[in-house]
Amino acid sequence: MASVTVNNIRKSYGHFDVLHGVNVDIQDGEFVILVGPSGCGKSTLLRMIAGLEEISGGEISIGTRVVNDVAPKERDIAMVFQSYALYPHLTVEANMGFSLKLAKAPKQEIRERVRQAAQILGLERLLDRYPRNLSGGQRQRVAMGRAIVRQPQVFLFDEPLSNLDAKLRVQMRSEIKQLHQRLKTTTIYVTHDQIEAMTMADKIVVMRDGNVEQVGSPLELYDRPANLFVAGFIGSPGMNFIRGTIAEGSEPSFRSESGVLLPLPSAPPVEAGRELILGIRPEQISVASGGIKGRVALIEPTGSETQVTVMLGNTPVIASIRERIEMHTDDEIAIRMDTSALHIFDAKTERRIII
Ligand SMILES: Nc1ncnc2c1ncn2[C@@H]1O[C@H](COP(=O)(O)OP(=O)(O)O)[C@@H](O)[C@H]1O
Ligand SMILES: [Mg+2]
């Protein structure tokens with residue numbers, strides 16, 4: 001196993017800059033997820049770590065070795081892609097043992113390591129099958145098996161679950177996490193899916209437009225997003241944002257653009273009139289008599305909870321409510337926000353303001 005250090009990495013295709021100086025420190029044995037919208041540079045960064053993409057600037061180290069000029073096969077990494085890239089004319093066993101065969105490992109050792117990986121992944125009874133006779137989930141497992149048999153220092157995954165249906169994705173998510181708990185191999189995993197990132201990672205790196213926006217544990221990012229982008233990206237349904245300013249008066253409160261007053265736990269350290277965005281997560285809003293009055297615009301039950309869109313003036317706010325409360329669209333209801341859970345961002349810089 002090994003640590004991985006990404007130091008001020010830049011990537012350009014001609015005049016087009018894709019990565020603008022990215023820093024990421026990955027500890028030995030850590031499970032790190034790079035997450036961000038499509039096109040933000042996740043795959044490019046992963047491919048640079050793998051050695052499949054030239055580095056335009058900066059340094060990548062695996063363990064204590066700088067690998068900028070080290071060939072992919074000398075880096076001691078194994079990569080699993082979204083397209084499983086299995087050889088159709090080879091059995092599961094031959095697919096899994098392929099890299100060891102290329103490396104001219106003894107037959108007995110190949111067999112042994114393939115058996116071990118197959119056992120870990122529950123593939124023992126499928127070793128004689130061909131890829132076309134496997135389900136999507138089984139193919140994905142074979143692709144992982146192929147990586148495991150190599151016993152690399154680092155696993156790299158690029159959206160490995162994107163081709164699976166929703167239910168299987170959830171199952172494979174747990175399997176990959178358990179696999180990591182068992183093997184403890186340093187893992188770098190790319191996804192655009194924030195739920196995958198939240199549920200699986202030790203550490204999440206949120207990327208946007210070739211920059212790192214924030215690095216932290218799943219709950220650090222959820223509870224203390226550094227800026228509006230991270231606040232909106234992590235969590236589903238997303239955090240509610242309400243534009244406004246601090247209201248003048250004896251009690252600390254926030255006045256939304258449409259004139260609704262929201263109580264604050266304390267006065268934030270900002271001058272009067274500064275444009276702000278108040279953030280509140282849907283589950284931190286409850287229906288409570290005597291609260292802030294609004295009109296119900298939409299009711300969306302999911303079973304475990306109901307998402308209610310409430311208009312506060314002309315600002316829509318989504319509340320996730322676990323109780324079964326009888327209500328209808330156009331009803332007037334009162335809501336209460338858990339003021340200990342509010343976030344405040346500067347509207348111009350979009351950065352979090354500490355309160
Ligand atoms: N070979 C290439 N030539 C030019 N532009 C590329 C190439 N590969 C990727 N890009 C661009 O780099 C950006 C980042 O791509 P990518 O790393 O694949 O994003 P992600 O994996 O986050 O969706 C995109 O704008 C993409 O169009
Ligand atoms: Mg990608």
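There is 1 cavity of 30 Å³ or more in this predicted model. A cavity here is a set of points on a 1 Å grid over the protein atoms alone where a 1.4 Å probe fits but cannot get out, while a pocket is an open set with protein on both sides within 12 Å along at least five of seven lines. Rolling a probe the size of a water molecule over the atoms shows where empty space is left. Grid points are joined across faces, edges and corners, and a volume is the space filled by probe spheres set on the points.

As a predicted model, it has local features reported only at pLDDT of at least 70 and side-chain atom pairs only at pLDDT 80 or more, while totals for chains, interfaces and linings use all residues. Side-chain values use heavy atoms, with hydrogens and water left out, and residues are numbered from 1 along each chain as its sequence is written.

**The two spaces**

Lining residues have an atom within 4 Å of a point. For the largest cavity they include Phe31, Phe155, Phe157 and His180. Strand 7 and helix 5 each give two or more residues to that lining; helices (H or I, at least four residues) and strands (E, at least two) are DSSP runs, numbered from the N terminus. In the classes below, Ala, Val, Leu, Ile, Met, Phe, Trp, Tyr, Cys and Pro count as nonpolar, Asp, Glu, Lys and Arg as charged, and the others, Gly among them, as polar.

| Space | Volume | Top contributor to lining | Lining by class |
|---|---|---|---|
| Largest cavity | about 50 Å³ | helix 5, 4 residues | 6 nonpolar, 3 polar, 1 charged |
| Largest pocket | about 450 Å³ | helix 2, 4 residues | 13 nonpolar, 2 polar, 3 charged |

Which residues are closest to the centre of the largest pocket? Of the 18 that line it, they are Ala78, Met79, Phe81, Arg146 and Arg150. Strand 6, helix 2 and helix 4 each give two or more residues to this lining.

**Helix 4 and the cores**

Helix 4 (residues 136-148) has 13 residues and spans 18 Å from first C-alpha to last, close to the expected 18 Å, where the expected span is 1.5 Å times one less than the number of residues. Because 10 of its 13 residues are buried, helix 4 is largely enclosed by the rest of the structure. Buried means under 20% relative accessible area, exposed over 50%, and partly exposed in between (1.4 Å probe, protein chains only). Among the buried ones are Gln140, Arg141, Val142 and Arg146. Their cover includes strand 6 (77-80), helix 2 (92-102), helix 3 (107-121), strand 7 (154-158) and helix 5 (166-183).

A nonpolar core is a set of buried Ala, Val, Leu, Ile, Met, Phe, Trp, Tyr and Cys residues joined through side-chain atoms within 4.5 Å. The largest has 47 residues, with Met96 and Val206 making the most contacts inside it. Leaving out residues up to four places away in sequence, Met96 touches (heavy atoms within 4.5 Å) Val142, Gly145 and Arg146, among others. A second, separate core of 30 residues includes Val22, Val32, Leu46 and Ile62.

**Backbone oddities**

Ser236 and Pro237 are joined by a cis peptide bond, with omega at about -5°. Pro237 sits in the loop between helix 8 (228-233) and strand 11 (240-247).

Asp330 isn't a glycine, yet has a positive phi of about 80°. It lies in the loop between strand 17 (315-321) and strand 18 (332-337), and Asp330 is exposed at 55% relative accessible area. Glu350, also not a glycine, has a positive phi of about 65°. Glu350 is in the loop between strand 19 (343-346) and strand 20 (352-353) and counts as partly exposed, at 31%.

Definitions and conventions
Chains are lettered from A and ligands numbered from 1 in the order in which they are written.
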